[in-house]
Amino acid sequence: MKINLEEIDKIYSNQMGITFFWKNEIDAYIENKRVNIIFSNVALLFNIIELNLFLQDIENSLYRNSFLEDKHRRYYDSIVLETPINQLRFILSYNDLSLLKDLIERTIFDIEVSNMLHEIL
């Protein structure tokens with residue numbers, strides 16, 4: 001499936017992936033929309049609560065693997081990333097997991113800023 005950039009509202013992107021809303025989504029309230037997350041040939045669709053849970057899962061995986069003896073190993077080891085979906089796990093390198101954390105953190109931040117602006121205006 002090709003994504004037409006005219007049909008999406010991009011939230012954030014980095015070397016790991018992109019997050020966005022579909023423009024044609026009916027619900028006007030950002031907190032009710034589902035965030036599309038695309039990374040490493042994977043597409044996920046999470047609401048804001050699931051997105052925060054996913055960030056917690058990423059942070060837990062990074063924390064569990066932050067005590068490796070050889071700092072260079074972190075970029076090559078396979079790390080299991082749990083998700084808010086019990087039956088779904090990913091295997092990522094420490095570097096990719098760090099990039100995914102940035103992608104999700106910035107997405108949540110941008111959504112929260114948009115929510116605050118929406119409430120003010």
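**Sheet, helices and surface of a predicted model**

Me: How many bridges join strand 3 to strand 4?

Reply: The model is predicted: local features need pLDDT of at least 70, side-chain atom pairs count only at pLDDT 80 or more, and totals for chains, interfaces and linings use all residues. Residues are numbered from 1 along each chain as its sequence is written, and side-chain values use heavy atoms, with hydrogens and water left out. Helices (H or I, at least four residues) and strands (E, at least two) are DSSP runs numbered from the N terminus, and two strands pair if DSSP finds at least two bridges between them. Strand 3 and strand 4 run antiparallel, and the number of bridges joining them is five.

Me: Which residue of strand 4 is the bridge partner of Asn36?

Reply: Strand 3 and strand 4 form a hairpin with two residues between them, and Ser40 in the turn has a positive phi of about 45°. Ile37 stands opposite Leu44 in strand 4. For Asn36, the bridge partner in strand 4 is Leu45.

Me: In what order do the four strands of the open sheet stand?

Reply: Strand 1 and strand 2 form a hairpin with three residues between them, and five bridges join these antiparallel strands. Strand 2 and strand 3 also pair in the antiparallel sense, over four bridges. The open sheet of four strands, with antiparallel pairing, therefore has the order 1-2-3-4.

Me: Which strands stand at the edges?

Reply: In the order 1-2-3-4, each edge strand has a single partner strand, so one side of each is left without a neighbour in the sheet. From one strand to the next, the twist averages 25°. The strands at the edges are strand 1 (8-13) and strand 4 (42-46).

Me: In strand 3, which residue is the bridge partner of Gly17?

Reply: The pairing of strand 1 with strand 2 includes Tyr12, whose bridge partner in strand 2 is Thr19. The next pairing, that of strand 2 with strand 3, is antiparallel. In strand 3, the bridge partner of Gly17 is Phe39.

Me: How many of the five residues of strand 3 are buried?

Reply: Buried means under 20% relative accessible area, exposed means over 50%, and partly exposed lies in between (1.4 Å probe, protein chains only). Strand 2 is mostly covered, with five of its six residues buried. Strand 3 is largely enclosed by the rest of the structure, because its count of buried residues is four.

Me: What angle does helix 1 make with strand 4?

Reply: Axes are lines fitted to C-alpha atoms, for helices over the stretch in contact (heavy atoms within 4.5 Å). Angles run from 0 to 180 degrees between N-to-C directions. Helix 1 lies across strand 3 and strand 4, and its angle to strand 4 is about 125°.

Me: Which strands does helix 2 touch?

Reply: Helix 1 lies across strand 3 and strand 4. Helix 2 packs on the sheet, its direction making about 125° with that of strand 1. The strands touched by helix 2 are strand 1, strand 2 and strand 3.

Me: With which residue does Arg34 form a salt bridge?

Reply: A salt bridge is a side-chain nitrogen of Lys or Arg within 4 Å of a carboxyl oxygen of Asp or Glu. For Arg34, the closest N and O atoms of the pair are 3.2 Å apart. Arg34 lies in the loop between strand 2 (17-22) and strand 3 (35-39) and its partner in helix 1 (residues 48-64), so the pair ties together parts that are 16 residues apart in sequence. Arg34 is partly exposed at 32% relative accessibility, and the partner is Glu50.

Me: What separates Lys101 and Glu105 in helix 2?

Reply: Lys101 forms a salt bridge with Glu105, the closest N and O atoms being 3.5 Å apart. Lys101 is partly exposed at 24% relative accessibility, and Glu105 is partly exposed at 32%. Because the two are four residues apart in helix 2 (residues 94-120), the separation is about one helical turn.

Me: Is Leu121 buried or exposed?

Reply: Leu121 is in the segment after helix 2. The relative accessible area of Leu121 is 83%, so this residue counts as exposed.

Me: How many residues does the protein have, and what percentage of them count as buried?

Reply: The secondary structure comes to two helices and six strands. Along the sequence, the pattern is β-β-β-β-α-β-β-α. The protein has 121 residues, and the buried percentage is 38%.
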